[in-house]
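This report goes through one protein chain, starting from a single residue and then widening to the whole fold, the largest pocket and some loops.

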Amino acid sequence: ALERWAEAETSYTEAIALLPDDAGLHYCRGLVLRRLGRLTDALASLERAAALASELAAAHGERAQVLQALGRLPDALAAHRRVTELNPDNAEAYYNLGLVEQTMGHLAEAIASYDRAIALAPELVEALSNRGLAQVGLKQFGAAIESCKAAIRIKPGYALAYNNLGLALAELRRWPEAIAAYGQASALMPDLAEAHHNCGIALAAQGRFAEAVASHDQAIELK
């Protein structure tokens, strides 16, 4: 597969030599370079595409993803905002913006972005679940529980929503419910180390120390 991507990159490079101002060619080359793991080169191609076609939302979106991967979060934030300006009715654009805001600790802004995403796509469970996590960070525990439960109602098999629900319940010291939520998360996604770790904390709070140690051991093995 990598050989085919490498061949594609060569083809796009040759095409760009003939048509250096074709934004689509630079964009496609950037996609291929990202697949090849050549993030710095991918960024250069995507930035060229965005410069040639400033309203090409896809180029700004891919550029934002590459900037995130490179750890350049403020630049990624600006790029995601540009996508929402160009595509104000795109739920995924607001969801992606919210993720970066949340990673940067801008929780109120992240919740606002998730709210916009959910308004546009009410069944976007990732936005509901991550909104719940951001609400936990702002100590809005009741709202967080409702966000996570809404995600679970839509997608009962969504493990991350159960884990985030457990976090909110644990903050309220509702330990048995938190343990049940973490247990559901780990049953749905056995390699979710965070759920095992969180369950261990909740079990210890209930004095169930042997079970707590077992949960922590599982988390350590997975990490």
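Ala-15 counts as partly exposed because its relative accessibility is 22%, where partly exposed covers the range between buried (under 20% relative accessible area) and exposed (over 50%), with a 1.4 Å probe and protein chains only. Ala-15 belongs to helix H1, residues 2-18. From Ala-15 to Arg-48 the distance is 15 Å, C-alpha to C-alpha, and the two are 33 residues apart in sequence.

The model is predicted: local features need pLDDT of at least 70 and side-chain atom pairs count only at pLDDT 80 or more, while totals for chains, interfaces and linings use all residues. Residues are numbered from 1 along each chain as its sequence is written, and side-chain values use heavy atoms, with hydrogens and water left out.

**Overall build**

The protein has 13 helices and zero strands. Helices here are DSSP runs of H or I with at least four residues, strands are runs of E with at least two, and both are numbered from the N terminus. The C-alpha atoms fill a box of roughly 70 × 35 × 30 Å along the principal axes.

Of the 223 residues, 44% count as buried. The protein exposes about 11,200 Å², and carbon and sulfur atoms supply 53% of that area; accessible areas come from the Shrake-Rupley method with a 1.4 Å probe, and for residues only the protein chains shown count as cover. Among the contacts with a separation of 6 or more, 45% join residues 24 or more positions apart, a contact being heavy atoms within 4.5 Å.

The protein carries 20 positive and 27 negative charges, and the mean positions of the two sets are 4 Å apart. Lys and Arg count as positive and Asp and Glu as negative, with His and the chain ends not counted. The place of a charge is taken as NZ of Lys, CZ of Arg, CG of Asp or CD of Glu.

**Helix H1 and helix H2**

Glu-3 is also in helix H1. Glu-3 counts as exposed because its relative accessibility is 64%. Glu-3 and Ala-79 are 76 residues apart in sequence, with 30 Å between their C-alpha atoms.

Arg-29 lies in helix H2, residues 23-35. Arg-29 counts as buried because its relative accessibility is 17%. Leaving aside neighbours within four places in sequence, Arg-29 is in contact with Glu-9, Tyr-12, Thr-13, Ile-16, Arg-38 and Ser-45.

**Ser-54 and Thr-103**

Ser-54 sits in the loop between helix H3 (39-52) and helix H4 (57-69). Ser-54 is partly exposed, at 40% relative accessibility. Not counting residues up to four places away in sequence, Ser-54 touches His-60, Arg-82 and Leu-86. The C-alpha atoms of Ser-54 and Leu-86 are separated by 9.6 Å, and the two residues are 32 residues apart along the chain.

Thr-103 is in helix H6 and is exposed, at 59% relative accessibility. Between Thr-103 and Asp-22 there are 34 Å, C-alpha to C-alpha, at 81 residues apart in sequence.

**The largest pocket**

The largest pocket holds about 230 Å³ of space. Its lining takes in residues from H4, helix H5 (73-86) and helix H6 (91-103), the elements that give two or more residues each. H4 gives the most, with five residues. The lining has 13 residues, and Gly-61, Glu-62, Val-83, Glu-92 and Asn-96 lie nearest the centre.

A pocket is an open set of points on a 1 Å grid over the protein atoms alone, where a 1.4 Å probe fits, with protein on both sides within 12 Å along at least five of seven lines; lining residues have an atom within 4 Å of a point. Grid points are joined across faces, edges and corners, and the volume is the space filled by probe spheres set on the points.

**Two loop residues with positive phi**

Lys-139 has a positive phi although it is not a glycine, and Arg-173 likewise has a positive phi in a residue other than glycine. The table lists both.

| Residue | Phi | Loop | Relative accessibility |
|---|---|---|---|
| Lys-139 | about 65° | between helix H8 (125-137) and helix H9 (141-154) | 61%, exposed |
| Arg-173 | near 60° | between helix H10 (159-171) and helix H11 (175-188) | 53%, exposed |
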